[in-house]
Amino acid sequence: MDKIARLKEILAGSRRAVFFGGAGMSTESGIPDFRSAGGIYSETLHQEFAPEQMASHSFLMAHPEEFFDFYRRRFVYLAAEPNPGHYALAELERRGILAAIVTQNIDGLHQAAGSQTVYELHGSIRRAHCMDCGTHYELDYILHHRPIPHCSCGGIVRPDVVLYEESLDNDTIAGAVAAIRAADTLIIGGTSLIVYPAAGLINYFRGAHLVLINKSETSADRHAELVIREPIGDVLHAALPDE
Ligand SMILES: [Zn+2]
């Protein structure tokens with residue numbers, strides 16, 4: 001039996017599947033990894049910064065103008081749309097096969113495709129809040145208030161994205177752990193499983209079927225029942241069980 005047919009069979013028999021996704025899911029929608037283009041030279045600061053430095057909490061606090069310029073250019077891809085994989089996952093949820101998505105991506109494309117239960121480990125570019133009074137804002141506010149978006153109270157409006165040096169949201173982690181612990185099938189896709197907390201979270205899985213979909217080898221391959229090295233969007237779309 002070929003691998004897609006086997007995945008289709010596994011999904012047809014699943015009722016609480018969880019999809020754990022990484023950057024590969026978004027690159028197939030045309031969103032580059034923000035680290036991919038290398039460092040950025042700041043004219044005002046006369047210094048070159050690595051993307052990881054610019055996407056850090058201390059950089060936001062020390063150089064908000066440069067932070068927001070970098071953020072708008074490297075994190076926000078308004079033209080990106082869900083790919084067939086996003087739509088397949090939304091359909092699996094509608095059919096009662098998939099219980100949740102746990103994602104390391106911040107683009108909000110799962111919700112755009114119609115998924116309801118999505119644990120966004122690193123937050124979302126779609127949301128923002130005032131650092132002083134907590135008022136919620138939309139992405140548009142950050143895009144249209146330049147150079148630094150300020151709240152009516154005077155505080156800085158920052159994205160609801162987990163920056164370097166910041167910890168993940170406890171409720172999001174708890175929800176992801178509960179879903180993975182209860183899952184009958186865990187599909188891991190588009191992630192090398194190197195970035196914290198991916199590797200730790202999947203250790204909570206106790207279900208029957210572990211499936212890996214990734215272009216390169218990962219540390220979890222040897223535990224998986226099925227390892228597929230094809231583009232994740234195509235695989236998920238092709239593996240939708242017949243109705
Ligand atoms: Zn405020």
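These legends walk through a predicted model, from the whole fold to its zinc site. Residues are numbered from 1 along each chain as its sequence is written, and local features need pLDDT of at least 70, with side-chain atom pairs counted only at pLDDT 80 or more and totals for chains, interfaces and linings using all residues. Side-chain values use heavy atoms, leaving out hydrogens and water.

**View 1. The whole protein.** Here you can trace 11 helices and 11 strands, which are DSSP runs (helices H or I, at least four residues; strands E, at least two) numbered from the N terminus. The C-alpha trace spans about 60 × 35 × 30 Å along its principal axes. Of the 243 residues, 52% are buried, meaning under 20% relative accessible area, with exposed over 50% and partly exposed in between (1.4 Å probe, protein chains only).

**View 2. The zinc ion and its donors.** Four sulfur atoms, the SG atoms of Cys130, Cys133, Cys151 and Cys153, lie 2.2 to 2.4 Å from the zinc ion; donors are N, O and S atoms within 2.8 Å of the metal (3.2 Å for Na, K and Ca). The site is tetrahedral, with angles of 101 to 119° among the 4 donor atoms; for four donors that label asks for all angles between 85 and 135 degrees. For comparison, the ideal angle for four tetrahedral donors is 109.5 degrees.

**View 3. Cys133 and Cys153 in the chain.** Along the chain, the zinc donors follow the spacing C-x2-C-x17-C-x1-C. Cys133 sits in the loop between strand 6 (123-130) and strand 7 (136-138), and Cys153, 20 residues apart from Cys133, in the loop between helix 8 (139-144) and strand 8 (157-161). Cys133 is partly exposed at 42% relative accessible area, and Cys153 is partly exposed at 43%.

How values were computed: Four donors count as tetrahedral if all angles lie between 85 and 135 degrees; four count as square planar and six as octahedral if opposite donors are over 155 degrees apart and all others between 65 and 115; anything else is irregular.
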